[in-house]
Amino acid sequence: MRRFGAGAWAGLGLVVLFALLAMVGPLLAPYDPNAQSLAGLLRGPSGAHLLGTDENGCDLLSELLYGARLAAAISGATVLTCLGIGTVVGTIAGYAGGWIDDLLSRLIDVLLAFPGILLNLTVAALMPRTSAAHLVFILSLNGWVGYARVARGQALALREREFVQAARALGASPVRVAAWHIVPNLLSPLIIQASFGFAGIILVEASLSFLGLGPQNAYSWGALLNQGTTYLWRASYLAAVPGVAIAAVVLGFNLLGDGLRDALDPRRVRS
């Protein structure tokens, strides 16, 4: 396994910082994110409010820290859900073969061909209220197909390997072969896929919140960004702060994904 490069370490640092802020950020928040102050509307950064206040007088730093937990919860739950569904479906398709593989592969192809963000927007718009749990469901509807495609390709190759053939010859059931010999050996590319998946989910969640279709929380990063565009010329920090936060987290996961791909993919040339 290759060592991480400088970019991968930088990405890991950003991801760890994001995870720490998600876990302890609300404890560090100087104010309640919903505490309004009519006397302090759209105040710039100061000693009392390090990142300023929004249109309701709420402390922007507190909203950002609470928003980190919301973004981490939604992205984490969505990636785990998609990873689980995709691994099961892809493993079944690749290992079973035949008509089962044809049926599941056609389903994957259809969902991959359909614009994902359009499906997310349509389902979110049909819901009278979108909570964090609803958003996880919406993003998981088509989020699993990428993992399933990777798992299927790996399962197709692994089912012909000697250790799998030996397990079959010893009388192991198909379920046992898949669970103990196929899945553990296809996790590396799925972990890489998941690291990029985190970045994609955070972007989609922010996009839906920006359009008013995300969780009904004023401190969602997408909602904060939407609010900031209203006062772009008067208080540019309102859009800059959540925008930089989203960009930093997405960059971190992408850099980490690149590093994991270089380290875990045995087919890449070693340097």
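A residue is called buried here when its relative accessible area is under 20%, exposed when that figure is over 50%, and partly exposed in between. By that yardstick, 42% of the 271 residues of this protein count as buried. The model is a predicted one.

As for the overall build, the protein has 11 helices and 0 strands, so reading along the sequence gives nothing but α, in the pattern α-α-α-α-α-α-α-α-α-α-α. The C-alpha atoms fill a box of roughly 75 × 45 × 30 Å, taken along the principal axes. Take the contacts between residues at least 6 apart in sequence: 71% of them join residues at least 24 apart. On the outside, the accessible surface comes to about 13900 Å², and carbon and sulfur atoms account for 66% of that.

Now for the inside. In soluble globular proteins, nonpolar side chains tend to be buried together. Here the largest nonpolar core has 29 residues, and those with the most contacts inside it are Ile74, Leu139, Trp144, Tyr147, Val177, Ile182 and Leu186. At least two residues of this core come from each of helix H2 (60-96), helix H3 (98-113), helix H5 (132-143), helix H6 (145-158), helix H7 (162-169), helix H8 (174-182) and helix H9. H2 gives the most, with 7 residues. A second, separate core is made up of 24 residues, including Val15, Leu42, Trp221 and Phe253.

Ile74 is worth a look of its own. Leaving aside residues up to four places away in sequence, Ile74 touches Ala132, Leu135, Val136, Leu139, Ile201, Glu205 and Pro215.

Not every nonpolar side chain is tucked away, though: Val16, Leu20, Met23, Val24, Leu27 and Leu28 form a nonpolar patch on the surface, with about 590 Å² of accessible area together. One of these, Leu27, sits in helix H1 (residues 6-28). Leu27 counts as exposed because its relative accessible area is 71%, and the cut-off for that label is over 50%.

Finally, there is Gly212, found in the loop between helix H9 (187-210) and helix H10 (221-230). With a relative accessible area of 47%, Gly212 is partly exposed. Along the chain, Gly212 and Ala125 are 87 residues apart, yet their C-alpha atoms are separated by 9.4 Å.

Conventions: Residues numbered from 1 in each chain as written. Predicted model: local features only at pLDDT ≥ 70, side-chain atom pairs only at ≥ 80, totals over all residues. Heavy atoms only, no water. Helix = DSSP H or I, 4+ residues; strand = E, 2+ residues; numbered from the N terminus. Buried < 20%, exposed > 50% of the residue type's maximum accessible area, 1.4 Å probe, protein only. Core = buried A, V, L, I, M, F, W, Y, C linked by side-chain atoms within 4.5 Å. Contact = heavy atoms within 4.5 Å. Patch = residues over 30% accessible without salt bridge, like charges linked within 9 Å, V, L, I, M, F, W, Y side chains within 5 Å. Areas by Shrake-Rupley, 256 points an atom, 1.4 Å probe, with all protein chains shown as cover. Salt bridge = Lys/Arg side-chain N within 4 Å of Asp/Glu carboxyl O.
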